[in-house]
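Here is a short tour of one protein model, written to be read with the structure open beside you. Take a look at it first, and then we can walk through a few of its parts together.

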Amino acid sequence: MMQLQAIPKMATAGSVSTFTTTLLNLPPNVSYLFRSRGTLIQTEIGASAYFLTTTKLRLLHSKTTVAALENEFSSAKFTDTSQGVRFGGEEFLTRLLARRWTLANPDTKISKVMFSATDTNIHDFSASHLFLGVDTDICMPNDVLGTDYSNQSFYIVRDDLLHPLINGNKARKLDGVLPLIEDNSVTDVVTCGGCQSAHAAATAVLCAERGLRSHLLLRGEQPEFLTGYNLMSTIYGNVTYVPRSIYANREKVLKSQADLVAGNSGSVLWFDDILSTSLGKQPRSHGRRVIVINEGAGDAIALLGLIRLVKYLSQDHLLGKHRVIKFVVDAGTGTTAIGLSLGALCLGLPWEVTAVMLADRIDGYKRQEKRLISEFRKHFDVPLDLGRDEEVNGGIVNWVERLRQRKFGNVLDGEVETCRQIAQKTGILVDPIYTLAAWEMAAFLSQKGVNANGDLVVLLHTGGTLGLFGLAQRYKSYFNDLKNFVP
């Protein structure tokens with residue numbers, strides 16, 4: 001028998017509770033199967049699928065899972081809804097997630113941030129000295145029941161700890177993308193982003209691990225010193241800097257670069273074509289096979305990783321399925337917020353996703369939401385009545401402005417120091433462009449009395465903190481002031 005061996009997994013923080021493993025006394029890797037190619041397969045089935053006898057452990061597979069294994073879990077084969085699977089049902093989601101993934105498992109860590117309610121001025125969002133600390137060792141059900149509402153708090157999903165380079169929403173959005181790319185014998189990946197794009201760097205690292213070539217189109221000019229995600233992109237991928245005026249038409253730029261890489265003997269693939277034709281696994285061709293990933297992985301396939309995260313977090317020993325959750329996330333392309341909202345909608349969860357708009361106006365995010373939902377329905381056999389759902393037509397994401405508005409990419413006075421104080425008080429690193437915006441909103445909602453109603457405020461840490469290195473070059477005075485600060 002061939003020895004099964006896993007590829008090195010992305011380092012994940014331990015889950016908040018090892019409830020399932022501890023309760024059933026199962027080995028931690030009991031639900032994993034590995035292909036000889038080294039790509040991990042995971043069946044997304046709950047603890048109810050396992051049972052113990054006095055003599056042996058049995059693993060029950062649903063018919064869907066068995067069928068998927070027989071078909072080698074091809075990432076391009078999707079659910080047949082002719083059997084009447086209802087959107088929002090557990091069965092629909094189980095079938096949707098029965099595929100190969102980039103992440104070995106969806107586990108993440110949850111921490112609790114606490115601060116004083118009596119002293120907090122909700123209009124002073126730089127008052128980081130009011131944070132009392134962070135609890136990193138919590139059991140969610142017990143912690144929620146024992147909440148002391150005299151001190152405000154919110155929970156934070158620590159996806160920044162998933163991997164030193166591929167973390168946060170970048171890891172989640174690429175979770176379902178890379179297996180699909182492998183199944184279609186892709187040789188080259190073309191994507192784009194800002195000069196310090198965490199998405200571009202994550203794509204480059206994941207491609208390099210799989211022997212694929214990545215071609216990264218970065219907006220603007222090459223910096224004097226390569227650092228942060230820009231440095232990682234340069235080391236792991238092939239970087240081309242694109243003038244801002246040309247980058248503005250990024251779709252055209254991506255297509256031109258893909259055609260250039262493919263050459264006369266190669267071909268260019270698009271996710272829309274792959275998903276529409278359900279090609280399944282493709283034999284390797286002689287020419288280059290190039291695929292384009294939109295900026296920030298703004299593709300329908302990227303939604304699946306966020307939906308997988310929602311399913312994981314909705315387990316009873318974590319956030320559960322019945323409590324009202326105010327989920328907060330920062331929004332660049334908006335894909336993460338849309339994926340989280342679709343996951344909650346699929347499971348019928350009473351969760352509201354608040355997305356802090358950073359890179360566009362609300363009409364742009366609404367268009368993105370409509371486009372991704374339309375593609376999601378089209379490619380993943382979502383029942384047709386989803387489009388007529390009043391909630392979906394009215395929007396599934398609560399898009400809000402940043403509390404301290406500014407042009408995207410700008411840092412305001414005092415925000416670098418706020419990030420420093422948060423790090424020193426809680427051990428959690430945030431950056432002033434993205435995660436600080438979500439942190440401020442989570443604190444604001446907590447201070448408004450959301451917790452007093454029994455609702456939970458939960459912040460998704462989207463990672464990206466290596467971008468601080470680039471900001472230190474751009475905003476030298478703010479970072480130099482850190483040396484002179486005396487607490």
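In this predicted model, a good place to begin is helix α7: 10 of its 12 residues are buried, so the rest of the structure largely encloses this helix. The buried set consists of A198, H199, A200, A201, A202, T203, A204, V205, L206 and C207. What covers these buried residues? The cover includes the helices α5 (168-173), α6 (177-183) and α8 (228-236), along with the strands β8 (188-193) and β9 (213-219).

The helix itself spans residues 198-209 and reaches 17 Å from its first C-alpha to its last, close to the 16 Å expected at 1.5 Å a residue. At its N-terminal end, S197 acts as the cap, with a side-chain oxygen 3.4 Å from the backbone nitrogen of H199. After α7 comes G211, which has a positive phi, near 75 degrees.

Helix α12 (residues 303-313) is also mostly covered, with 11 of its 11 residues buried. Among them are R308 and K311, as well as L303, I307 and V310.

Two of the strands that cover α7, β8 and β9, also belong to an open sheet of 5 strands. Its order is β10-β9-β8-β12-β11, and the pairing is parallel. Which strands stand at the edges? They are β10 (238-242) and β11 (267-269); each has a single partner strand, so one side of each is left without a neighbour in the sheet. From one strand to the next, the twist averages 25 degrees. Within the sheet, β8 and β9 pair in the parallel sense over 6 bridges, and V190 stands opposite H215 in β9.

Two helices lie across strands of this sheet, as the table shows.

| Helix | Strands it lies across | Angle |
|---|---|---|
| α8 | β9 and β10 | about 125 degrees to β10 |
| α10 (residues 250-262) | β8, β9, β10, β11 and β12 (289-292) | about 155 degrees to β8 |

Finally, have a look at the nonpolar interior. The largest nonpolar core has 77 residues, and I181 and F327 touch the most other members. Leaving aside residues up to four places away in sequence, I181 touches V186, V189, L212, F271, I291 and I293. Another core lies apart from this one; it has 23 residues, including V328, V400, M441 and L459.

Notes:
Residues are numbered from 1 along each chain as its sequence is written. This is a predicted model: local features need pLDDT of at least 70, side-chain atom pairs count only at pLDDT 80 or more; totals for chains, interfaces and linings use all residues. Side-chain values use heavy atoms; hydrogens and water are left out. Helices (H or I, at least four residues) and strands (E, at least two) are DSSP runs, numbered from the N terminus. The expected span of a helix is 1.5 Å times one less than its number of residues. Buried means under 20% relative accessible area, exposed over 50%, partly exposed in between (1.4 Å probe, protein chains only). Contact means heavy atoms within 4.5 Å. A polar contact is a pair of N or O atoms within 3.5 Å; within protein, one must be able to donate a hydrogen and the other to accept it, and residues adjacent in sequence count only if both atoms are side-chain atoms. A nonpolar core is a set of buried Ala, Val, Leu, Ile, Met, Phe, Trp, Tyr and Cys residues joined through side-chain atoms within 4.5 Å. Two strands pair if DSSP finds at least two bridges between them. Axes are lines fitted to C-alpha atoms, for helices over the stretch in contact, and angles run from 0 to 180 degrees between N-to-C directions.
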